[in-house]
Amino acid sequence: MEGLYNFLVSLDGMLGGADWFPFVLLGVGLFFTIYLKFPQIRFFTHAWKVVTGKYDHSDDPGDTTHFRALTTALSGTVGTGNISGVAFAIFLGGPAALFWMWATAFLGMTTKFVEVTLSHKYRVQTEDGSMAGGPMYFMDRGLNMKWLAVAFAIATVVSSFGTGNLPQSNGIATSIEATFGFEPWIVGSVLGILLALVILGGIQRIAAVTARIVPIMAVVYLIGALAVIFANIENIGPSFAAVISDAFTGSAAAGGFLGASLAYAFNRGVNRGLFSNEAGQGSAPIAHAAAKTKEPASEGMVSLLEPFIDTIIICTITGLVILSSGVWKEKHENVFDRSDMIFVAGEYSDKADDDKVQLYGFLNSTGESDVKPYTGPISVVNGTAVTSGYTLINARSIAEDVQYLVGNEDPYTGTLQIKDGKPLKQNLIVKGKSLVHSATLTTIAFTRGWFGDFGQYIVSVGLLLFAFSTAIAWSYYGDRAMTYLLGPRSIMPYRVIYVAGFVWASFSDTTLVWALSAVAIVVMTLPNLFGIVLLSKEMKQTVDQYWQSVKDKQ
């Protein structure tokens, strides 16, 4: 697993983690924002009218209403990215990461408007009478680039696991185990059965389920979040100030040691913003293609609301909970993931500035550090190490009160062999205090409000609903891609594998799953951005014609 993790991290560094990727993503959004004269502002009010059904016609072609298409697409985007992803972004990039998530969402409103409109325009009716659409269809039928359409469809299938399946299941299981103590495999198995029951019903059942789940989960999560925000109201002003100032000066408190550079916070914020709202990834157009309308641009109007709801509202609320509560800078008792921890040679302290500089350079591979991974034995007596000459780093922070356990968490006594910073003993459990990230960080933050410890249950329920609805929506994206690639007969085998993957991910390594999702997102996004840019002139004509027809009817 470590080899796979290192490969994924390396691949992500060349793709989503590369300096050029955020500029490509934001650049396309900025281009269309200017080219289409700020549609996210001009059409914002009109979009809400379309969602409420003002322009609906029962005889329009399609499988579902504008509202249900929106909730299905939102269920695909509102997931662990809003709970775990925001926490992970702040953990890595500090308050500045939230600012760049806002920027990604604002420009992403236009990007999503474009990709949904074009996908809806080129949708087709399948053999069973249902609608199928998505970027692969405008690439094929609009651009005559079959090869690009096939590449996108393959990437969609991969991303259905990397974005919509594996991290969602893992996030649910982690949160439920931490809150209620249920074994991850039990959680994964039960939800896997429920997932199978829903997705076997196709888009009609999926849309019906998500139309009920999305409003409920939003209200539950909002109540819990506001309880923390108002309990720490004196910290809201400084939190907003930190978000703005750090975005332009560089974060001084993120990343465990010394903080993240401006470029690093920018990169992490944009990537997490994309993971959350998926604007530019090309996923939402697949759900919107099922909407009943003869006007592709009208469905595009509906879709521009998604990044606003998903990121500018929900992610901001999560970010304020984490920042105002202060938990992101504190060390907490937790079980260390093997991928998150590394033993380094020498004894270091996070109270010494020189040590922090050295460790920051090591963790961020700046080339300006003398810190090396530790190799050698560590003697442990009754769970406590008695050997000196090393430091254990977990989640980018120096671990404290470390305990080494085995089996059913029995204290370990013996000699641990460490090689290149990693313990060779496979069944070793390491516990202690360190910084935390992802769902764990958000869960702790929700206990710092009026509901106290009960707040953790709100996160668990919210994460369960958010992530489960995301898995439902992404199963539909994947089966539409499989339909394009191999025909309707491929749908059932895909669904079986999808459910099996959902169960497996519930007890797999958190960090590995996030690394996989980061790569899958980029592999899907690049062909989609390339395609919509090539159709920019057609997009403008489609929007202008639609908007003129709306004004003529007024």
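This tour moves through a predicted model, from its nonpolar cores to a surface patch, a buried serine and an open sheet.

Residues are numbered from 1 along each chain as its sequence is written, and side-chain values use heavy atoms, with hydrogens and water left out. Because the model is predicted, local features need pLDDT of at least 70 and side-chain atom pairs count only at pLDDT 80 or more, while totals for chains, interfaces and linings use all residues.

**The cores.** Begin by selecting F113, M136, I172, L195, F446, Y477 and I532, the residues with the most contacts inside the largest nonpolar core, which has 116 residues. Such a core is a set of buried Ala, Val, Leu, Ile, Met, Phe, Trp, Tyr and Cys residues joined through side-chain atoms within 4.5 Å, where buried means under 20% relative accessible area, exposed over 50% and partly exposed in between, with a 1.4 Å probe and protein chains only. Next select helix 20 (residues 455-486), which gives the most to this core, with 15 residues; helices (H or I, at least four residues) and strands (E, at least two) are DSSP runs numbered from the N terminus. Centre then on I172, which touches V187, L191, L463, L464, A467, F468 and F502, not counting residues up to four places away in sequence, a contact being heavy atoms within 4.5 Å. Apart from the largest core lies another, of 17 residues, among them Y374, A399, V402 and Y412.

**A residue beneath the surface.** Select S119 in helix 7 (residues 96-121), which counts as buried because its relative accessibility is 0%. Leaving out residues up to four places away in sequence, S119 touches G133, G134, P135, F138 and P285.

**Out to the loop.** Moving on, F507 lies in the loop between helix 21 (491-505) and helix 22 (510-534), and F507 counts as partly exposed because its relative accessibility is 47%.

**The open sheet.** Finally, show the open sheet of 4 strands, whose order is 3-13-9-10 with antiparallel pairing; two strands pair if DSSP finds at least two bridges between them. Strand 3 (332-335) and strand 10 (410-411) are the edge strands, each pairing on one side only. Starting from strand 3, 4 bridges join it to strand 13 (residues 429-434), and N334 stands opposite G432 in strand 13. Strand 13 also pairs with strand 9 over 4 bridges in the antiparallel sense, with E400 opposite K433 in strand 13. At the other edge, 2 bridges join strand 9 (residues 400-406) to strand 10, where D410 is the bridge partner of V406.
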